Amino acid sequence: MAKKYACYLCKGCGIGEALDFDNLQEVASESGMGEAKAHEALCSPEGLALIKADVDGGANALLIGACSARVKTDEFTFGKEVLVERASLREQTVYCTEAGEEAAADRQMLAADYLRISATKLQKMELPVPFQLEQPAEKAILVVGGGVAGLNAALAAAKAGAKVYLVEKEDALGGFLGKMAKLGPQSPPYQELQDTGLEDLVGQVQGNGNIEVFIGNTVAKTEGAPGNFTVSLSGGQSLRAGAVIQATGWTPYPPEKLADELAYGSSPNIITNVQMEERAKAGDLGGLNAVAFIQCAGSRDANHLPYCSAVCCLVSLKQAMYVKQANPEAAVYVIYKDIRTPGQSEEVYRQAQREGVIFIRRGEEYPKISDHGGKFTVETADVTLNDTVAIEELDLVVLATGMKPNNPKVVEPPLVALGMDQEEAKRLTAEAKAQSDDWSVLNLAYRQGKNLPTLKYAYPDSHFICFPYETRRTGIYAAGTVRRPMRVTQAIEDATGAALKAIQATTAAAAGFAVHPRSGDESFPEFFMQRCTQCKRCTEECPFGAINEDEKANPLPNPTRCRRCGVCMGACPERIISFKNYSVDMIGAMIKSIEVPEEDEEKPRVIVLACENDALPAIDMAAKAGAKWSPFIRFLPLRCLGSVNLVWIADALSSGIDGILLFGCKRGDDYQCHFIKGSELANVRMSKISETLDRLVLESDRVRVEEIGFGEVDKIPGIIAEFMETIESVGPNPYKGF
Amino acid sequence: MGQAILVVGGGMSGVSAALEAAEAGYNVVLVEKNPYLGGRVAQLHQYFPKLCPPYCGLEINFKRIKNNPRIQVLTMAEVTGIEGAPGAYKVAVKQAPRYVNDKCTACGLCGQAVEATVSNPFNYGLDQIKAAYLPHEMAFPYRFVIDPSIAGGPEGEKAKAACPYGAVDLEDQGAELTVEAGAVIWAAGWTPYDASKVEYYNFGASPNLITNVQMERLAAKGGPTSGKIQRPGDGKEPKKVAFIQCAGSRDVNHLPFCSTICCLASLKQATYVRAQLPEAEVTIYFIDIRAMDRNEDFYTKVKADEKVKFVKSKIGLIQPNEAGNLVLEGENTASGERFKAEHDLVVLATGMQPNTALNKIPAEVAYDEYGFVQAAEGIIGAGTVRRPSEVHVSVQDGTAAALKAIQLVAGR
């Protein structure tokens, strides 16, 4: 695009009193921005009118020196065709530095540098052009799994107008819902057992013209990317889909593993809750005079499933009601650790008590089950009475076993394996592979593996609090019990939400913009392939598995899989990966645009490469709260710390910058990185830069990575002060002035 | 593309519903009663089980809103009437005066000029705030509010005189508008159950008897103590902290249902205390610990801390003593004997009451006996107005509600 630059400087919020605007106008002009216009309050209607008039006159690349880009966003947006770059003269200049005449010179240099940095960025960036697939994007949605979640996902998407393919491995739809006799109480007054409603649900699915059902099929292969998946079924069909919902449900925890603790397998009358459901459905509950349910059979147990399966308490209450309804005189015991009946289902617990079910709270130890000629005795601690009780003459013992997701577990090698000694890396990779499951649901033809990456316990999510639908494979969403243990009613909601996420993914693929977390972003990484050395770093390090490889190890990008974090750009040693508005060259040039004073001026320069999602808002917050720090600091916001290319460190040090801080978000098991492992990658990469520093004869103390998020706001001034002291003790960068 | 979707409530469920619908290409009007978005989660110090700051996710969501022209946000607004039928509603919205217009730069001069203070709702009344204030440090929209108590008086004039941008509008009368929408998503959230209704806990009798939502603010950096956990009575560090589970929940005289989150909230708050005050002892009095699904791992972690004790007992009486401490009385279930225990800070784990139990939707909508909204076409409940739930369920529910709304408005 032909750029017509314009620059505006705001004097509001104390900026006008703190800075010399003649000087800033000079800097803007020297930086190629033309004659900067100053205004008392740029965000006022008059100020905005000033800008708008220039935009109407053709200005399309605007540098606005005012407040942080995080505020007044609506005001300073002038349509998709106008590039806007904000220099933070308020939060990152005036708010965070000492006031007064004495500090004026350093403050002025800070402001001037921010204008140079922003001007450089504006000069280096282009308007993004949305990516378009070769064929028009496919909007059909593939749903894998025909249980309650899959059926509801299919129906929800179809009702919103989407074409749906529903694939089920069994010869009938319904999944576990088909095995159930009844549902527990789900609606007011939460006391009555309810029909499963399966027949009606299946009828609706089969009667919906938008849904095509493939029973007796599994997914043999999933190739492609959002908007353009090609899915091969075991039955031979090939389908084109825009997005995928994996609703493959759960598997009961194998009861054979409870043979020692709970005598499973020793008698046909020691059964699991699934078997109990089958008996109830078969009407085979006659003649039961005494039944015991043992909760957490293999759940909440470090030797089996450490987590709580969330449904077993309610399942046992329901099954206790089956027994009571068949024989109101029957003695029914529920031996539990904690009764977990959340929300309105507390009433189900009360109802079971009203029906005469007896509850005994046990400790961590499992009860002892003994068989006395077909009648069982269960001996258990009763922690409420601080005693041991023996329940005799039991006809049936039901083990409330938990649920495992029907999803293969993926264990990834630690990131330190990247770039380390090849033999050691191979060993770690092999070790991780050995701990991973070998089977697959989707059989993804992805370079990083055929399965969805998993967190703990084989659940394929990535941000299970704030963004529960996000897997690490774009356009593929998990729904129902494969995502998290949940009840039928919750699985229905979950499936409905997943259907919307899938529809969004196809919409985004068609329009060429990103999905979460950079929703709407139209930029995407472009590869200058002539210079690629087939090092595989980008294909290995992409957190979303967006890049495939050909047989010669050339990267094959899939832009509709991409989340636009720039991790590939940070990984590439040849610097061949760029976005239209974000590139190695651009950030490098921004760093080099900082004016570095001579050594004898004793004014060090430190840059902070800061994650724009967590660190940058934290910096704004600290500044607004009145924190002050060194005026020698220059912040450069980044999409993700994982996009830091090592060449920027070299660029900075060779241009005389004395120190480099990297502010990323929390890494590790409880990571907060919206791009999963960007922060972690940056940390690993930085641990390997000593080589670069040695080559330049520089101290490794000059580069440091810090975790900064909303929880660390109050620590920011201290971290900066301490780093400045380190830099002072290390001394000036010897490259100054070269 | 089709008609607009009206979302009522700008908390986690409502924000999710609004964003997910807008990102699928639909126009959304988001109505929020507070002067800021984020709802109850904005007032939390950390989320369980990751102990991460809620603003990490909220920041991304607010960025999504800022970048999406399809979402119109109305703060300080409430729905006063709904007419019409699924597919074609006319919704009356009343917006309270903020007395600050969009020229506000959040520079803070009005707050400096004003001397009057009001009880700080964001900190659940634990401190006072200037009557011209930014609702909290991360407020979105990032704009000041003038309390109605000063708008008509000299303090209001001070605020106006101090503002260089003409942003203080003391004549602001608010607004009444009509929104046409094809579907309404009701995500009005919850209110902590009023602890004073549980008479035998004597809430209000001692400043050192607080609720779990207040505890969040005591631990939060932006809270009344800048994040230091102190006894509100004397500012001292507590040494023996008690959490009373099911304070008014699972109780047919109060909230008969289980509020679902209070167990995890107390486990989480126990970690706040233990991280800050290594000498402090924590006792959690409970009926059942309900740490569902992988939250169990968090329970396991907290249980491993020797200074966190779990006592299965329903506390029957709480009374302050002369030392400013609180004496709990309960029954030892094993021996049947009553016991007394003295603690210097007591946290009532009060539950969540759906806001639809307190303020009904102005339309024909079915509720259960607790006031939770039942499933229906057209006016779609989402989040904690449907059932007590934690954050991820609210997000899930908001997303599902968005699709149900889209099914109604698509193609219209």
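Me: Between which two elements of chain A is the loop in which A:Arg575 lies?
Reply: This is a predicted model, in which local features need pLDDT of at least 70, side-chain atom pairs count only at pLDDT 80 or more, and totals for chains, interfaces and linings use all residues. Residues are numbered from 1 along each chain as its sequence is written, while chains are lettered from A and ligands numbered from 1 in the order in which they are written. Helices (H or I, at least four residues) and strands (E, at least two) are DSSP runs, numbered from the N terminus. The loop that holds A:Arg575 runs between α15 (567–571) and β26 (577–579).

Me: Is A:Arg575 buried, partly exposed or exposed?
Reply: A residue is buried if 20 or more other C-beta atoms, placed from the backbone, lie within 10 Å of its own, exposed if 12 or fewer do, and partly exposed in between. A:Arg575, which is not a glycine, has a positive phi of about 60°. Because 16 other C-beta atoms lie within 10 Å, A:Arg575 is partly exposed.

Me: Is B:Arg250 buried or exposed?
Reply: B:Arg250 sits in the loop between β14 (240–247) and α7 of chain B. Phi of B:Arg250 is positive, near 50°, and the residue is not glycine. Since B:Arg250 has 22 C-beta neighbours inside 10 Å, the residue counts as buried.

Me: How does B:Glu279 count, buried or exposed?
Reply: B:Glu279 is placed in the loop between α7 (262–276) and β15 (281–286) of chain B. Its C-alpha atom is 43 Å from that of B:Met76, which is 203 residues away along the chain. With 8 C-beta neighbours inside 10 Å, B:Glu279 counts as exposed.

Me: What does the crossing angle make α7(B) to α8(B): parallel, perpendicular or oblique?
Reply: Axes are lines fitted to C-alpha atoms, for helices over the stretch in contact, and angles run from 0 to 180 degrees between N-to-C directions. The axes of α7(B) and α8(B) come within 10 Å and cross at roughly 40°. Angles under 35 degrees count as roughly parallel, over 145 as roughly antiparallel, 65 to 115 as roughly perpendicular and the rest as oblique. Therefore α7(B) is to α8(B) oblique.

Me: How many charged residues does the contact of α7(B) with α8(B) have?
Reply: Two residues are in contact if their C-beta atoms, placed from the backbone, lie within 7 Å. B:Leu264, B:Leu267, B:Ala270 and B:Thr271 of α7(B) meet B:Asn295, B:Phe298, B:Tyr299 and B:Val302 of α8(B). Ala, Val, Leu, Ile, Met, Phe, Trp, Tyr, Cys and Pro count as nonpolar, Asp, Glu, Lys and Arg as charged, and the others, Gly among them, as polar. By class, this contact has six nonpolar residues and two polar ones, and the number of charged residues is no more than none: no charged residues.

Me: Which helix gives the largest share of the side of chain B that touches chain A?
Reply: The contact takes 60 residues from chain B and 69 residues from chain A. At least two residues each come from α1 (12–23), α2 (54–66), α8 (295–303) and α10 (391–409) of chain B. The largest share of this side of chain B, twelve residues, is from α10(B).

Me: Which residue follows α18(A) with a positive phi?
Reply: In α18 (646–654) of chain A the buried residues are A:Val647, A:Trp648, A:Ile649, A:Asp651, A:Ala652 and A:Leu653. They pack against α16 (584–592), β28 (606–611), β30 (659–664), α20 (690–695) and β31 (703–707) of chain A. Phi is positive, near 95°, in the residue that follows α18(A), A:Gly656.
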